[in-house]
Amino acid sequence: MINKNFWKNKKVLITGHTGFKGSWLTLILSMLGAKVYGYALSPISKPNFFDGLKLRKYLKKEYRDNIQNKNKLKKVVNLVKPNIVFHLAAQSSVLQSYQTPEDTIKTNLIGTYNILDSVRFVSSVKSMIIVTTDKVYLNLEKKKKFREDDHLGGYDIYSGSKACCEVITHSFLNSFLKKSKCNIASVRSGNCIGGGDWTKDRIVKDCAESFIKNKPIKIRSPEASRPWQHVLEPLFGYLKLAEKLYTNKKFVGSWNFGPNFKNNLKVLDVAKFGIKVLKSKSKIFFNKPKYYESEHLSLDNKKSFKYLQWKTFLKPKDALKLAFDWYKFYYDNIDNKKLVVKFTFLQIKEYTKKFF
């Protein structure tokens with residue numbers, strides 16, 4: 001599925017490289033032989049994936065600054081002259097968007113505009129992926145599978161800001177980059193799970209931390225259904241799309257990368273499975289949700305399968321087991337971070353056997 005030779009020595013800039021997805025993408029690209037550069041804020045979670053495991057050595061160079069700082073971002077893009085850009089920098093939490101709505105909008109919307117404007121006159125950039133979310137769709141709770149041409153919307157600030165990212169990307173492309181050799185696509189994926197996600201209020205992380213220590217856990221929205229998928233699944237879809245975009249405008253547009261609707265699992269089922277995998281004695285309790293969150297969410301992936309031959313390989317429980325295994329290994333080897341990185345690469349290599 002992935003052309004390993006394509007990525008060798010390609011200069012790739014990742015915004016948000018210190019985040020959950022960005023950290024995994026950094027490791028994958030380093031395995032593929034790419035020259036990886038990063039632009040992001042320092043991670044605030046403790047522990048954290050990127051700084052905690054000292055992943056800086058897998059980059060050619062990194063720049064720590066806010067995506068809202070357009071002048072600094074433009075200087076970096078002009079200095080690096082990347083061939084490919086992955087824009088992942090974002091405020092990525094629905095619940096956090098209720099607490100910091102203005103910063104969420106500035107980071108997600110203005111930040112996206114800034115990276116678009118930064119590549120506008122940099123001829124080296126041939127391919128660019130704007131990462132949004134499956135929550136960009138107007139969800140009326142009808143348990144439908146959303147297609148790329150469905151209405152965009154969002155009842156919370158996070159979802160609304162990401163829907164706006166889709167609109168501004170489309171507008172910017174048509175206004176300024178229509179004749180450019182820089183081809184741009186936006187990608188929408190479901191709830192990504194995997195080791196190293198220390199973001200606040202993430203169910204798998206919360207479960208792992210509680211169950212490994214045999215502590216009780218309180219979960220919200222136990223009956224909410226989500227399209228759980230391991231982070232490696234959509235990332236390899238993004239890589240394939242970036243390859244295609246490099247020389248072909250036919251791949252410009254929006255793309256879904258999500259698991260099949262039949263593979264959705266309820267939040268309560270995720271917690272119960274975690275207890276089983278980690279052999280925990282923890283008890284599960286329920287918290288009433290403070291803010292609105294969608295109950296059901298699923299994506300239609302026909303486009304990605306037809307034109308990219310992309311699909312998810314892992315069933316939800318297989319994806320969950322990979323994630324829970326990572327956290328268990330992390331806590332068992334908390335004083336040997338090199339071993340944890342080695343284990344992370346091992347999970348990537350095992351998964352990539354499906355592609356090479």
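Let us begin with helix H6, residues 157-176, which has 20 residues and reaches 27 Å from its first C-alpha to its last. That is close to the 28 Å expected at 1.5 Å a residue, the expected span being 1.5 Å times one less than the number of residues. Helices (H or I, at least four residues) and strands (E, at least two) are DSSP runs, numbered from the N terminus.

A word on the source: this is a predicted model, in which local features need pLDDT of at least 70 and side-chain atom pairs count only at pLDDT 80 or more, while totals for chains, interfaces and linings use all residues. Residues are numbered from 1 along each chain as its sequence is written, and side-chain values use heavy atoms, with hydrogens and water left out.

At the start of H6, a side-chain oxygen of Asp-156 comes to within 3.2 Å of the backbone nitrogen of Tyr-158. Buried here means under 20% relative accessible area, exposed means over 50%, and partly exposed lies in between, with a 1.4 Å probe and protein chains only. The buried residues of H6 include Tyr-158, Cys-165, Phe-172 and Leu-173. What do the buried residues of H6 pack against? Their partners are helices H4 (94-99) and H5 (101-119), together with strands E5 (127-131), E6 (183-189) and E11 (253-257); contact means heavy atoms within 4.5 Å.

H6 also links two of those strands: E5, H6 and E6 form a right-handed β-α-β unit. Right-handed means that, with the strands pointing away from the viewer, the path from the first strand over the helix to the second runs clockwise. E5 and E6 run parallel and are joined by five bridges; two strands pair if DSSP finds at least two bridges between them. Within this pairing, Ser-127 stands opposite Asn-183 of E6. E6 pairs with E11 as well, again in the parallel sense over five bridges, and there Ser-186 faces Ser-254 of E11.

Why is E6 described as largely enclosed by the rest of the structure? Seven of its seven residues are buried, so the description follows. Asn-183, Ala-185, Val-187 and Ser-189 are buried on one side of E6, and Ile-184, Ser-186 and Arg-188 on the other.

Turning to strand E2, residues 35-40, five of its six residues are buried, so E2 too is largely enclosed by the rest of the structure. Strand E1, residues 11-15, pairs with E2 in the parallel sense over five bridges, with Val-12 bridged to Val-36 in E2. E1, helix H2 (residues 20-31) and E2 make a right-handed β-α-β unit. E2 also pairs in the parallel sense with strand E3, residues 61-64, over four bridges, and Gly-38 stands opposite Glu-62 in E3.

Two serines deserve mention. Ser-30 lies in H2 and counts as partly exposed, at 23% relative accessibility. Beyond residues up to four places away in sequence, Ser-30 touches Val-36, Tyr-58 and Phe-345. Ser-118, in helix H5, is buried, with a relative accessible area of 3%. With the same sequence neighbours left out, Ser-118 touches Lys-70, Leu-73, Lys-74 and Val-77.

Finally, the largest nonpolar core has 77 residues, and those touching the most other members include Trp-7, Phe-86 and Trp-326. Helix H11, residues 316-332, supplies the largest share of this core, nine residues. Such a core is a set of buried Ala, Val, Leu, Ile, Met, Phe, Trp, Tyr and Cys residues joined through side-chain atoms within 4.5 Å.

Technical notes. Polar contact = N/O pair within 3.5 Å; in protein donor to acceptor, adjacent residues only side chain to side chain.
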